[in-house]
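Please open the model in your viewer and keep the sequence panel beside it. The stops below take you from one selection to the next.

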Amino acid sequence: MKRSIIAILFAGVVFICGCNDDYFTDGGLPDEKASVLNVSTLDYLDSQKGQFDTLATLIKLCGLEAEVNKPGNTFLAPQNYSIHNYFKLLFPEDNWPPLTALTAEQKEEIAGIIRNYIIPDKQVERSGLSPAYSYETTRGGTKARFNLIREDYLENVNMGAAYLVFGLNVGAGNVEQYRSVIVVTSGLRSTNGIIHVLDSNTHIFGFN
Amino acid sequence: MRNKIFITCLTSLMFVSQGCKDWLDELPINTVTEDQAWKSGSDAEGAVAKAFAIFRRALAGLTKADTPSTTRNGAWGDYYFWGDMRSGDWITPNNDGDWQAGFENRLISRTELEPMTNWRLFYRAIEQCNLVLENVPNITEGFTAERKAQLLAEAHFMRAMAHFYAARIWGDIPINLTARNVQPLGREPLADVMRMVVAEADEAIAVLPWLYDGTRKKSTSRGTKGAALALKAHALMWLKDYQGASDAIKQIIDEGKFSLAPIEGFRDMFDKGETNEMVFQMFYDASIGEFSDYYGHIMTYYLTNPYTDRGNLSLAVPRSRILQIYPDYARDQSDKRVAEFFQSIDFSVGENELRPILADPIANGERLIMFAKFRKAKDRTYNLMDGPVPIFRYAELLLLKAEADARLSNLNESLANLNLVRARAGIPLFEKADQPLLIEEILEERRRELIGEFQRVYDLVRLGRLHEFNSSVSEKDEKDGAGFFPVSDEAFANNPNMTQTYYWQFNQ
């Protein structure tokens with residue numbers, strides 16, 4: 001009799017304490033304001049030395065500060081490693097010059113590439129995108145393509161992370177041929193526009 | 001009480017008297033012991049087939065099931081890592097640290113690479129052959145004398161093959177030609193190993209048939225005269241006996257059983273292994289349950305959606321390197337092999353849909369082109385694969401003969417064979433009868449034709465030129481043996497005669 005009372009009491013304790021809702025508690029959705037940077041696009045790039053200092057240096061060398069910081073635009077930010085791989089392609093022998101010693105022609109080419117990372121007067125946001133393609137025109141006049149893809153999570157179809165994909169037309173003449181890159185951090189809001197950070201593993205500056 | 005004691009005693013007595021009947025000692029009929037394993041012809045057939053099966057596993061790589069000294073769950077397709085990884089042509093698009101270390105010849109720095117330094121399975125295949133050669137001669141029933149001679153020749157062939165493959169990877173290796181050897185064997189010079197391989201191959205060549213009954217794929221997955229001649233030619237190339245190598249391959253050509261597959265036949269060759277071009281290959285066929293389980297095939301790492309369920313590339317050849325290796329394609333897209341070996345996938349399509357394959361094989365960017373020479377997965381599960389693993393094929397042998405002939409100054413002969421391979425690829429014939437230029441061009445043609453086919457690094461190491469293509473290996477490193485894999489710790493256990501390769505003594 002005593003034993004059954006103890007057993008019942010124990011079961012009771014388990015029932016009462018076992019299903020605490022707190023178990024499921026996570027951090028919740030991120031604060032709306034977490035992505036608000038309160039600095040301009042270029043200042044943000046400047047502040048993230050490990051990720052973007054080469055990009056910021058190139059923007060300044062090419063005199064594109066105003067275009068990058070123009071209000072209401074979208075900037076797709078390639079990371080340092082992407083630019084490193086770009087120079088590695090240009091100079092396979094690893095003998096690339098310091099950035100300050102780039103020739104006017106090289107700077108012109110780099111400026112052309114950076115302009116294709118700017119979507120002027122349009123804030124491209126995840127909420128406005130779907131798996132179907134939507135098209136914009138970059139500051140450099142090239143056609144850009146955006147869409148959203150969703151991964152699987154533990155074999156649950158479409159339950160994984162959703163990625164924004166940025167594609168750029170690299171085709172010659174009338175043939176459209178897009179090279180794409182996924183965005184690894186999206187929707188950073190600077191004081192003048194919106195920033196999406198591009199994957200650096202596979203993407204090479206200039207969509208090479 | 002007395003009753004109880006009585007019953008207890010009686011029961012124990014019953015157990016003692018009945019419990020130990022002899023029938024408990026009877027072996028289950030499916031247990032094989034040494035003294036009953038070698039009775040009939042079918043035992044011999046099974047034993048020889050097993051040697052080939054062990055060799056296939058040796059190529060795929062060591063797993064935790066093979067030795068407790070490795071932590072790796074599945075095999076990785078180590079033949080790629082031995083024969084291609086360090087050629088300087090590959091990158092890891094998702095920046096995998098193990099792969100990167102491998103490209104840079106840092107083979108000991110990562111524990112995940114450690115199983116690749118272990119030759120245990122090659123010696124297990126060799127031991128199986130040694131047992132066959134010891135026991136099968138005593139079997140008299142169940143097969144014809146001719147078949148018996150063939151099986152013994154196959155054991156000679158496979159024993160030579162396993163020694164040869166291991167010697168290309170580790171350089172100097174122990175030679176083990178006796179069954180149940182318990183002596184601590186030291187490493188023999190590479191040249192001695194290759195001479196032994198030639199002698200063993202000669203024994204096999206005398207007896208083996210050109211082909212067996214059955215499909216081409218089954219036939220070329222076993223020891224045949226063609227495979228043994230190819231093995232002999234390869235070993236002679238390492239010994240710089242170019243005349244011997246050229247003569248051996250000439251026998252294969254003259255027999256006329258093998259031919260170059262047309263470009264349109266590449267899928268039959270690289271998906272199914274069903275072609276007149278294959279001379280010796282590892283057998284896989286998912287339709288009869290023979291597929292590479294749990295990784296085991298290197299395709300796992302370079303294929304993605306739509307072939308498997310992987311989302312990103314783990315190994316690839318960068319775009320600029322493709323254009324450099326295939327200059328004819330870069331110029332006018334004439335090299336038809338590029339479209340057969342590489343594909344661009346539309347990565348802007350989600351993982352859970354079948355990603356379309358773009359029409360232009362190199363439409364994607366530098367780090368996003370898929371190597372798709374071998375692309376037959378069992379299903380879309382990323383670790384079950386069904387493609388063949390070629391070891392010798394006809395085009396490769398033509399190019400090997402071209403190299404031997406060029407070195408012997410038989411330039412016309414050499415040009416003819418080189419141009420057979422070039423003509424099939426649809427690129428202009430090479431017509432400069434200049435020995436150094438020609439030898440260089442043949443090496444480049446081997447690089448183009450055999451990319452990702454587990455030959456390139458062996459070519460470079462054989463010629464002492466790995467350092468020219470892999471910037472992580474210096475000329476002095478290569479002279480010190482950096483081109484070969486280090487010997488694993490396991491080989492040093494209880495073996496005072498074992499030595500480490502000179503380079504790896506200082507680069508642990």
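A polar contact here is a pair of N or O atoms within 3.5 Å, where, within protein, one atom must be able to donate a hydrogen and the other to accept it, and where residues adjacent in sequence count only if both atoms are side-chain atoms. By that rule, chain A and chain B share 11 residue pairs in polar contact, both residues being at pLDDT 80 or more. The model is a predicted one, in which local features need pLDDT of at least 70 and side-chain atom pairs count only at pLDDT 80 or more, while totals for chains, interfaces and linings use all residues. Residues are numbered from 1 along each chain as its sequence is written, chains are lettered from A and ligands numbered from 1 in the order in which they are written, and side-chain values use heavy atoms, with hydrogens and water left out.

**First stop: where chain A meets chain B**

Select the residues of each chain that are in contact with the other (heavy atoms within 4.5 Å), and you should have 20 residues of chain A and 20 residues of chain B. The buried area, meaning the accessible area (1.4 Å probe) that two parts lose on being put together, summed over both, is about 1,500 Å² between these chains, and carbon and sulfur atoms give 44% of it. Highlight A:Arg179, A:Asn201 and A:Thr202, which supply 30% of the area that chain A buries against chain B, more than any other three residues.

Next, colour chain A by helices (H or I, at least four residues) and strands (E, at least two), which are DSSP runs numbered from the N terminus. Helix 5 (80–90), strand 4 (143–150) and strand 6 (178–189) of chain A each give two or more residues to the side that touches chain B, and the largest share, four residues, comes from strand 4 of chain A.

How many salt bridges are there between chain A and chain B? The count is zero, a salt bridge being a side-chain nitrogen of Lys or Arg within 4 Å of a carboxyl oxygen of Asp or Glu.

**Second stop: salt bridges in chain B**

Over all chains, the whole structure holds 58 salt bridges. Select B:Arg393 and B:Glu449, whose closest N and O atoms are 3.0 Å apart in a salt bridge. This pair links distant parts of the chain, with B:Arg393 in strand 4 (residues 389–393) and B:Glu449 in helix 19 (residues 435–449) of chain B, 56 residues apart. Both B:Arg393 and B:Glu449 are buried, where buried means under 20% relative accessible area, exposed over 50%, and partly exposed in between (1.4 Å probe, protein chains only). Widen the selection to the network of salt bridges that includes B:Arg393 and B:Glu449, with B:Asp335, B:Lys373 and B:Glu445 also among its members.

Move on to B:Glu403, which counts as buried because its relative accessibility is 2%. Its side chain meets that of B:Arg407 in a salt bridge (3.0 Å, N to O); both residues lie in helix 17 (residues 394–407) of chain B, four residues apart, about one turn of the helix. B:Arg407 is partly exposed, at 27% relative accessible area. B:Glu403 also forms a salt bridge with B:Arg462, the closest N and O atoms being 3.0 Å apart, and here the partner sits in helix 20 (residues 456–462) of chain B, 59 residues away.

**Last stop: B:Asp98**

Select B:Asp98 in helix 5 (residues 97–103) of chain B, a buried residue at 14% relative accessibility. Leaving aside neighbours within four places in sequence, B:Asp98 is in contact with B:Trp76, B:Arg110, B:Glu112 and B:Leu113.
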